[in-house]
Amino acid sequence: EGARVGILDADIYGPSQPTMLGIKGRPGSPDGKTIEPMEGHGLQVMSVGFLVDEDTPMILRGPMVTQALGQLLNDTNWDDLDYLIIDMPPGTGDIHLTLAQTVPVTGSVVVTTPQDIALIDAKKGMKMFEKVDIPVLGLIENMSVHICSNCQHEEAIFGQGGGEAMAKEYGVEFLGALPLDMSIRISTDIGVPTVAADPDSQVSGMYRAMARRLAASLSVKAKDFSSEMPNIVIN
């Protein structure tokens, strides 16, 4: 809402942002060295999905993946961004470590579903960010409840409250929960984000509320210089 936002699709093996945002075409390169970000819905976007055909698999070893990510990040002419959001693949592999070691990341957001098997992996991600000194700004629970498209009945088919309980366990902010709602699936399949397809819907309100909480957390983080100040003791 007024901010200049970029999205870097860091899932080299399975890029999804071009489809989810409905952006087609190839990025331009004015000087043959750098590339211009693609644009859609007010966002600047870069993804390896813009550089290969949709059905082309990325058969790359770890070092080549990290090199590709570095080029997407550093060779893109991002235009005066307020926020750059990096959409990470699942896991704790080469891409995550490369970002942690080479990019000054302000913070991370962990996304999980509420069932126990997903929380196990989410906890590993939380621990990884802790080890590489990247603050976890908050946690989001996806697919928290299923909402019937006919009667609007809500059912917690993946369990209930797992994400919020995990946030409390690790002392991070619970940014919010998103339902398993057909409208989200439809909007991402057709390439129009929910907040653009139906800005007044309940789900769009959930997205906005989580974005505001995250922006507030980031603003506090940006202004907190206490760790850099000397400890003054008056006797």
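**Two cysteines and the start of helix α6**

The closest cysteine sulfur to that of C151 belongs to C148 and lies 3.7 Å away, which is too far for a bond. This is a predicted model, and the points below take up the cysteine pair, then D181 in the loop that leads to helix α6, and finally a nonpolar patch on the surface that includes M182.

**Cysteines**

- Seen from the other side of the pair, C148 has its closest cysteine sulfur in C151, and because the two sulfurs are 3.7 Å apart, whereas a disulfide requires them to be within 2.5 Å, no bond is assigned between them.
- The count of disulfides under this rule is accordingly 0.
- C151 is exposed, and its relative accessible area is 53%.

**D181, in the loop before helix α6**

- D181 sits in the loop between strand β9, which covers residues 174-177, and helix α6.
- Although D181 is buried, it has no salt bridge, and the nearest side chain of opposite charge, that of R185, is 9.2 Å away.
- When neighbours within four places in sequence are set aside, the residues in contact with D181 are I147 and V203.

**M182 and the nonpolar patch**

- M182 belongs to helix α6, which spans residues 182-190.
- With a relative accessible area of 44%, M182 is partly exposed, whereas D181 is buried.
- Together with I186 and I190, M182 forms a nonpolar patch on the surface, and the three residues have about 280 Å² of accessible area together.

Note on methods
Residues are numbered from 1 along each chain as its sequence is written. This is a predicted model: local features need pLDDT of at least 70, side-chain atom pairs count only at pLDDT 80 or more; totals for chains, interfaces and linings use all residues. Side-chain values use heavy atoms; hydrogens and water are left out. Buried means under 20% relative accessible area, exposed over 50%, partly exposed in between (1.4 Å probe, protein chains only). Patches are made of residues with over 30% relative accessible area and no salt bridge: like charges are joined within 9 Å, nonpolar side chains (Val, Leu, Ile, Met, Phe, Trp, Tyr) within 5 Å. Accessible areas come from the Shrake-Rupley method with a 1.4 Å probe; for residues, only the protein chains shown count as cover. A salt bridge is a side-chain nitrogen of Lys or Arg within 4 Å of a carboxyl oxygen of Asp or Glu. Helices (H or I, at least four residues) and strands (E, at least two) are DSSP runs, numbered from the N terminus. Lys and Arg count as positive and Asp and Glu as negative; His and the chain ends are not counted. Contact means heavy atoms within 4.5 Å.
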